[in-house]
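User: Please take a close look at the nonpolar interior of this protein, and go on from there to the helix packing and the aromatic rings. I am a first-year student, so give each term its cut-offs.

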Amino acid sequence: MAVSRETLDELALTDAEYEAIVERLGREPNHLELGLFGSLWSEHCGYKHSKPLLRLLPSDSPRLLVTPGSENAGVVDIGDGLAIVMKIESHNHPSAIEPYEGAATGVGGIVRDIFAMGARPIALMNSLRFGSVDEPRNRYLFGGVVAGIAGYGNCIGIPNVGGEVYFSDLYAGNPLVNAMCVGILSTENLLSATTGGAGNLLMLVGSDTGRDGIHGASGLASRTFEDERELRPTVQVGNPFMEKSLIEACMEIAKAGHIIGLQDLGAAGLTSASVEAASNGESGLEIDVALVPRRETGMTPYEVMLSESQERMLVVVKPGHEDAVKAVFDKWDLQSTVIGTSTDDGLARILDDGEPQGAPPVRTLTDAPQYRLQGVKAEWLTALQSRDLSEMPLPDETPADILLRLLASPNIASKEWVYRQYDHQVQTNTVAAPGADAAVLRVKGTGKGIALSTDGNGRLCYLDPYIGGMIAVSEACRNVSCTGATPIALTDCLNFGNPEKPETYYQLEQCILGMAEACRALDVPVISGNVSLYNETQGVGIYPTPIIGCLGLLDDVRANIGMGFQQTGDIIALLGASDIHTAPSTLAGSEYLEVMHGMVAGRPALDIKAEAALQRACRRLATTGVIRSAHDCSEGGLAVALAESCIEGRLGMDCGAESALGVKLEEGGARWHSALFGEAQSRIVVSFPPNRLNSFAAICAEEGVPFCELGAVVPDSFKIAGAIELSLSEIDTKWRRGLENRL
């Protein structure tokens, strides 16, 4: 073999993959060509272990305007000549090294994916995971990531309208930073990442190219952290002010008719941008790296092609239109340079001042090997799933003490410390701000609205990857349904450990199979996404964490409802259950079990048909004005959901002894902990006026969804007969200050 093991390790290529490259080329690759293959055949770009599994996800819908996976982001028609563009991506490994810049450039990258489609970015969301907030390094990572998201997003004028943050020890070595962006466009302005055939001009616009980010796709995002190598040079530094100019300039040229395609320079930089565009255009390409503007001297063709310097776009320009395009970029003070052309020979020809440096076939570069492995269920998982939770001793604390403790838990407590750093009102579309089950935005120029949520519970996927994958999809859609919106599209970011380990591959495969079943049952396609594997340090992987971003559509944005109780005297009911769940099995993977017993065990459960019926009923109840509020019952169980609805609405509640909850607690005896804090799925806490009870019951009956009355909305107190009696101020203080007190 003509290349060292050290070089292959740096590129995350195996010996067999190198031999495959030699066989396909019919010769040994040179140093530059090997670098191109290393990046494009990396897990991050080539999806070697995940692409065969991702094909299992439903991706059909009459609303789709592009084939999922074929473009930078997914696109769905929402009527009125408009479409929504959306995608979620990870920047986990860079954020573990340099949290501010890692998170900031993650935001910049996902935004470029959206406006590369010709869409104006209108909203950001994020999903974050860190180790215990009690550890100084985790607090440093947490603070840096939040500051990076805020610093970049606020400067480019895109509202950050929601998301989620969770903490667990298994994320200490590998924090997760998943960023989601949503954009809107007129359907006639939809762009593609393509060269459009031969003879078009390749123009590079934006920042100068430096040495930052080299091997980011292959060396950083496609292998585990195993040693103390210096990795900071692989983390890029962003410039949000240049990104803002890029957005406006690209929006202008997208409408002008001068260009064929537009592509972001993200992972693998100029290599992936140019080669993938040529592949989509079924063409070749010729680039002279000597024409690429640089901010560092002495850069080699290898470094120029693999640099991941930020705020750069590849624009495919119609011949003869380059001056008009350059004039637009000049107006926005952006440097633009024609660096090559598309060709008809199918080769990726790289020159340096006219001298050939390499010419591998485009099709070979984009045809990474794919691996369908055999997953193996870990022996320890069976033991965790079979743990009899009915044997768990009752804690010494009272139910009221436990509720206050859970409300102060960093996983449940208010995340206001996070989102108050984000500008969520810029662009003036935001109707429901961060902190709700889902964000709601108006679609200007129409009466419509969109709802957005992110969700994913790593503990549940750890205990049962299949059911956990179903629950991730269900909860994201349930959050959107709670606003009254109909889920119409999903984007996913699949965060897992080393897929080459049979036990990790089992988690990945089972999660995707579970997600696919839920998507079919809820009739919602996956239109875009990202896979982040090798989230592992010193052999210890993260929880399997599929993050689901959901897009919902409201025909009338004014019909949206929130999670807070609205009016004293309203009936409080639990939608989705005719009785209060007291089975100890509902404590599986719960916040209660981890906080009170330091344990993650049990086996979660979900009836997906019941879930689909529940969400249909909730949407009907909301859009017909029957219910005033709806709140997903999830982390912390029923007691926490009730408390959150009280806090959000600034009103109390009274579940007296005559209510279903009060009676069950008296009868259930030792099972009150699962009744109050169990996390049974497919339940929504709702409130409505007493005079709408008949309408409420009729819709539930038509959809086949059970319900039970829990109590009534009252001015101040939080009362569950026989268990809890607190003032609203007590629960509000614990919840609102819980995270900040730990920080």
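Analyst: The account below starts with the cores and then turns to helix packing, a buried helix residue, aromatic rings and two loop residues.

This is a predicted model, in which local features need pLDDT of at least 70 and side-chain atom pairs count only at pLDDT 80 or more, while totals for chains, interfaces and linings use all residues. Residues are numbered from 1 along each chain as its sequence is written, and side-chain values use heavy atoms, with hydrogens and water left out.

A nonpolar core here is a set of buried Ala, Val, Leu, Ile, Met, Phe, Trp, Tyr and Cys residues joined through side-chain atoms within 4.5 Å. Buried means under 20% relative accessible area, exposed means over 50%, and partly exposed lies in between (1.4 Å probe, protein chains only). In soluble globular proteins, nonpolar side chains tend to be buried together. The largest core has 59 residues, and Val111, Val315 and Phe329 touch the most other members. Helix H8 (residues 136-156) supplies the largest share of this core, eight residues. Helices (H or I, at least four residues) and strands (E, at least two) are DSSP runs, numbered from the N terminus.

Contact means heavy atoms within 4.5 Å. With neighbours within four places in sequence left aside, the contacts of Val315 include Leu201, Leu202, Met203, Ile253 and Phe329. A second, separate core has 51 residues, among them Tyr592, Met599, Leu638 and Ala639.

Helix H8 also packs against helix H10 (residues 240-254), at an angle of about 40° and with the axes 8 Å apart. The axes are lines fitted to C-alpha atoms, for helices over the stretch in contact, and angles run from 0 to 180 degrees between N-to-C directions. On the H8 side the contact is made by Gly151, Tyr152, Cys155 and Ile156, and on the H10 side by Pro240, Phe241, Glu243 and Lys244. Sorted by class, this contact has five nonpolar, one polar and two charged residues. Ala, Val, Leu, Ile, Met, Phe, Trp, Tyr, Cys and Pro count as nonpolar, Asp, Glu, Lys and Arg as charged, and the others, Gly among them, as polar.

Val640 lies in helix H23 (residues 637-649). Val640 is buried, with a relative accessible area of 0%. Not counting residues up to four places away in sequence, Val640 touches Leu403, Leu406, Leu407, Ile412 and Glu635. Leu404 is 236 residues from Val640 in sequence, yet the two C-alpha atoms are 9.1 Å apart in space.

The whole structure has 11 aromatic pairs. Rings of Phe, Tyr and Trp (its six-membered ring) pair if their centres lie within 6.5 Å; planes under 30 degrees apart count as stacked, over 60 as edge-to-face and the rest as tilted. One of the pairs, Phe37 with Trp41, is edge-to-face, at 5.3 Å centre to centre and 85° between the planes. Phe37 and Trp41 are both buried. The Phe688 and Phe696 rings have centres 4.3 Å apart and planes at 20°, so this pair is stacked. Phe688 and Phe696 are buried as well. One aromatic cluster is formed by Phe130, Phe142, Phe167 and Trp417.

Two loop residues are exposed instead. Asp80 sits in the loop between strand E1 (74-79) and strand E2 (82-90), and is exposed at a relative accessible area of 56%. Asp333 is in the loop between helix H13 (322-331) and strand E10 (336-343), and is exposed at 68% relative accessibility.
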